[in-house]
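Visitor: I am in my first year of study, and I would like a close look at one part of this model. Could you take me slowly through the salt bridges, and tell me where their partners sit?

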Amino acid sequence: MDDKKMVNVEIGKRIKLARDNAGLTQERFSELVGMGTKSISAIERGVVGVSIPALQRICKVLSISSDYILLDNAWGNDVQAITDRLKHLSPEQFAIANDILNKLIEGFAIHRDS
């Protein structure tokens, strides 16, 4: 397999993993990034490469860094993965995520005390 094809395969695997981690089906993901499901499938399988504009949309939808997709170096562990995703949210999205996280931690504390 030539280098170009191998790069596409590795990038595709990371996109698929990030999509799966986000709990998105290919169908829903394709709607959010404005691409067809066949295109998403081809990218995830490494059959085709991903364009820069498509990569930007993918990273925005998944709230991840392009460094992770291109270089596989953004997620060292689960905590780092969550932190990296939160960094890419808009201030409004971050406020919502923060509120949800605070309620989740509060729920855990109540459960622990009962």
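Guide: What follows is a walk through some of the salt bridges, with a short stop at one further residue at the end.

Please keep in mind from the start that this is a predicted model. The structure holds seven salt bridges, and three of them can be followed here residue by residue, including the pair formed by D20 and K16.

In that pair, the side chains of D20 and K16 meet with 2.8 Å between N and O. Both residues belong to helix α1, which covers residues 3–21, and they stand four residues apart, about one turn of the helix. As to their surroundings, D20 has a relative accessible area of 38%, and K16 has one of 36%. Since partly exposed covers the range between 20% and 50%, D20 is therefore described as partly exposed, and K16 is described as partly exposed as well.

A salt bridge also joins the side chains of E31 and R28, with a distance of 2.9 Å from N to O. These residues lie in helix α2, residues 26–33, where they are three residues apart and separated by about one helical turn. Here E31 has a relative accessibility of 55%, so it counts as exposed, whereas R28, at 40%, counts as partly exposed.

Further along the chain, K103 forms a salt bridge with D99, and the closest N and O atoms of this pair are 3.2 Å apart. The two residues lie in helix α7, residues 91–113, at a spacing of four residues, which is about one turn of the helix. K103 is exposed, with a relative accessible area of 53%, while D99 is partly exposed, at 38% relative accessibility. Beyond single pairs, K16, R19, D20 and E44 are joined into one network by salt bridges that share partners, and this network takes in the D20 and K16 pair described above.

To finish, let us turn to S66, which is found in helix α5, residues 66–71. S66 counts as partly exposed, at 31% relative accessibility. When its neighbours within four places in sequence are left aside, S66 is in contact with L55, C59 and L71. Another residue to compare with S66 is I52, which is 14 residues away along the chain, and the C-alpha atoms of S66 and I52 are separated by 9.8 Å.

Methods. Residues numbered from 1 in each chain as written. Predicted model: local features only at pLDDT ≥ 70, side-chain atom pairs only at ≥ 80, totals over all residues. Heavy atoms only, no water. Salt bridge = Lys/Arg side-chain N within 4 Å of Asp/Glu carboxyl O. Buried < 20%, exposed > 50% of the residue type's maximum accessible area, 1.4 Å probe, protein only. Contact = heavy atoms within 4.5 Å.
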